[in-house]
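Good morning, and thank you for making time for this. I would like to walk through one model with you, and I would ask you to keep the structure open while I talk.

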Amino acid sequence: NVQSALGVPEIYNAVSKISGHMASMPMECWDDSDGEKTQVSCRGVDIWNRPGQWTRAEVVEKLMVDALLLGNGRLLIERDELGQPKALLPIQGDTARTVMVNGERWHCITLNDAETAGANLKDRTGDGTMYKIPDRDVFYIMGLTTNGYWGENLISLAKDIIGLSIAGAESAGTLYKNTG
């Protein structure tokens, strides 16, 4: 899982470096339609810089960790009564999958009662535990992909290598403990 993979120092360092740098990057809107580049106000940037109950850094780091390790990073775009974005909510990467239906991308999210986003999905199509959300309501970052529709789960692809690394660290610790 994500926690055991992040327990491997090399994986933690790589994911931390990438997600930390992404979280520190500014997000701005620029208009260059008249030939001059001028900064403009943009609702998308406002919601990105003030995503809701979490800080921007927390949201971006969670998004990137899921994209890097689980193959897909997702944020639910919560909208007001006029359809304007009002908050970005992290979606647990291991509870969601992306499917193509009639050429459209949908995100299927399985929630348990303890998850925060569950209360915000009550008006979505679903039975209380599984929700189908259209791509327009999800900020989606695809990680490494072989098919172009959804990212590959790096932990699944490299589970033997990650498992061997964890087992080697545990074995070395036991060896030094018992013979030290």
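I will start with the chain as a whole, then turn to one strand and its partners, and finish with the salt bridges and a surface patch.

Please bear in mind throughout that what we have here is a predicted model. The protein chain has 180 residues, of which 33% count as buried, and its secondary structure consists of six helices and nine strands. If we take the contacts between residues at least 6 apart in sequence, 55% of them join residues that are at least 24 apart. The chain exposes about 11,200 Å², and carbon and sulfur atoms supply 53% of that area.

Let me now go to strand β6, which covers residues 104–110 and contains histidine 107. Which strands does β6 pair with, and in what sense? With β5, residues 96–101, the pairing is antiparallel and extends over six bridges, while β8, residues 130–134, is joined to β6 by five bridges, again in the antiparallel sense.

The register of the β5 pairing can be followed through two positions, since alanine 96 stands opposite isoleucine 109, and valine 101 stands opposite glutamate 104. The hairpin of β5 and β6 has two residues between the strands, and in this hairpin asparagine 102 takes a positive phi near 50°. For the β8 pairing, the position I would pick out is cysteine 108, which stands opposite lysine 132.

Within this strand, is histidine 107 buried or exposed? Histidine 107 is buried, and its relative accessible area is in fact 0%. Its side chain makes a polar contact of 3.2 Å with the side chain of threonine 98. If we leave aside the neighbours within four places in sequence, the residues in contact with histidine 107 include Arg74, Arg97 and Thr98, and also Tyr131, Lys132, Ile133 and Pro134, with Asp135, Val138 and Tyr140 among them as well.

That brings me to the charged pairs, and here the structure holds three salt bridges.

One of them also involves β6, namely the bridge between arginine 105 and aspartate 135, where the closest N and O atoms are 3.5 Å apart. This pair links distant parts of the chain, with arginine 105 in strand β6 and aspartate 135 in the loop between β8 and β9, 30 residues apart. Arginine 105 is partly exposed at 23% relative accessibility, and aspartate 135 is partly exposed at 26%.

Another salt bridge joins arginine 79 to aspartate 137, with the closest N and O atoms 2.8 Å apart. Here too the pair links distant parts of the chain, for arginine 79 lies in strand β3, residues 72–79, and aspartate 137 in the loop between β8 and β9, at a separation of 58 residues. How accessible are the two partners? Arginine 79 is partly exposed, with a relative accessible area of 32%, whereas aspartate 137 is buried, with 8%.

The remaining pair to discuss is lysine 62 with aspartate 66, whose closest N and O atoms are 2.8 Å apart. Both residues belong to helix α4, residues 56–70, and because they are four residues apart in that helix, about one helical turn separates them. Lysine 62 counts as partly exposed, at 24% relative accessibility, while aspartate 66 is buried, with a relative accessible area of 3%.

Finally, I would like to move to the surface. Which residues form a nonpolar patch there? The patch consists of Ile18, Met22 and Met25, which together have about 250 Å² of accessible area. Methionine 22 lies in helix α2, residues 9–24, and at 34% relative accessibility it counts as partly exposed.

To return to the strand where I spent most of the time, β6 is paired antiparallel with β5 over six bridges and joined to β8 by five, and histidine 107 within it is buried. I am happy to go back to any of these positions in the viewer.

Technical notes. Residues numbered from 1 in each chain as written. Predicted model: local features only at pLDDT ≥ 70, side-chain atom pairs only at ≥ 80, totals over all residues. Heavy atoms only, no water. Buried < 20%, exposed > 50% of the residue type's maximum accessible area, 1.4 Å probe, protein only. Polar contact = N/O pair within 3.5 Å; in protein donor to acceptor, adjacent residues only side chain to side chain. Contact = heavy atoms within 4.5 Å. Areas by Shrake-Rupley, 256 points an atom, 1.4 Å probe, with all protein chains shown as cover. Pairing = 2+ DSSP bridges. Salt bridge = Lys/Arg side-chain N within 4 Å of Asp/Glu carboxyl O. Patch = residues over 30% accessible without salt bridge, like charges linked within 9 Å, V, L, I, M, F, W, Y side chains within 5 Å.
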